Amino acid sequence: MNLSWHLYLMALLYLLAGINHFRKPGMYIKIIPPVFKNPKLLNYLSGAAEIILSLLLVFPFTSPYAAWGIILLLVAVFPANLYMFQNKKAGFGLPKWILFVRLPLQIVLMYWAYLYTF
């Protein structure tokens with residue numbers, strides 16, 4: 001099976017998500033747990049990482065490294081997803097079940113990226 005269009009779809013999704021960190025920073029800052037200092041900086045760093053990794057995904061010689069980077073990024077941002085589930089204000093009023101489903105969805109996204117690590 002040729003997975004190239006899946007790779008481009010993943011790259012596009014991370015590119016758009018990364019850009020959104022700069023367009024609507026308040027949305028992302030709101031979900032960063034208070035234990036992490038300087039949420040504004042963390043938001044911009046994670047957005048920049050998503051943009052850079054998305055661009056690196058489309059080149060065959062860098063896509064395995066970018067895929068590993070995405071896996072690490074997903075691990076790094078997991079506390080924000082957990083915080084959204086635990087904190088009503090950070091959850092944007094979404095139903096609890098949706099916030100719960102987002103947690104294992106991170107594993108699915110990691111697996112999707114893993115497909116491009118070799």
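Here is a walk through the inside of this structure, from its nonpolar cores to its largest pocket. Keep in mind that the model is predicted.

Let's start with the packing. In soluble globular proteins, nonpolar side chains tend to be buried together. Here the largest nonpolar core has 15 residues, and the members touching the most others are Met 10, Leu 57, Ile 70, Ala 113 and Tyr 116. Several helices chip in: α1 (4–23), α3 (39–57), α4 (63–86) and α5 (96–114) each bring at least two residues to this core. The top contributor is α4, with 6 residues.

For a feel of how this core fits together, try finding Ala 113. If you skip its neighbours within four places in sequence, Ala 113 is in contact with Met 10, Ala 67, Ile 70 and Ile 71. Once you've seen that, look for a second core, separate from the one just described: it has 6 residues, with Ile 31, Tyr 83, Met 84 and Leu 99 among them.

Now for the open space. The largest pocket has a volume of about 780 Å³. Its lining is made up of 28 residues, and those closest to the pocket's centre are His 21, Tyr 28, Glu 50, Val 77 and Asn 81. Two or more lining residues come from each of α1, α2 (25–29), α3, α4 and α5. Helix α4 turns up again here, giving the largest share of the lining with 8 residues.

So what is the lining like by class? It counts 21 nonpolar, 5 polar and 2 charged residues. If you want one element to follow by eye, pick α4: it gives the most to the largest core and the largest share of the largest pocket's lining.

Technical notes:
Residues numbered from 1 in each chain as written. Predicted model: local features only at pLDDT ≥ 70, side-chain atom pairs only at ≥ 80, totals over all residues. Heavy atoms only, no water. Core = buried A, V, L, I, M, F, W, Y, C linked by side-chain atoms within 4.5 Å. Buried < 20%, exposed > 50% of the residue type's maximum accessible area, 1.4 Å probe, protein only. Helix = DSSP H or I, 4+ residues; strand = E, 2+ residues; numbered from the N terminus. Contact = heavy atoms within 4.5 Å. 1 Å grid on protein atoms, 1.4 Å probe; cavity = no way out; pocket = protein on both sides within 12 Å on 5 of 7 lines; lining within 4 Å. Points joined across faces, edges and corners; volume = space filled by probe spheres on them. Nonpolar A, V, L, I, M, F, W, Y, C, P; charged D, E, K, R; others polar.
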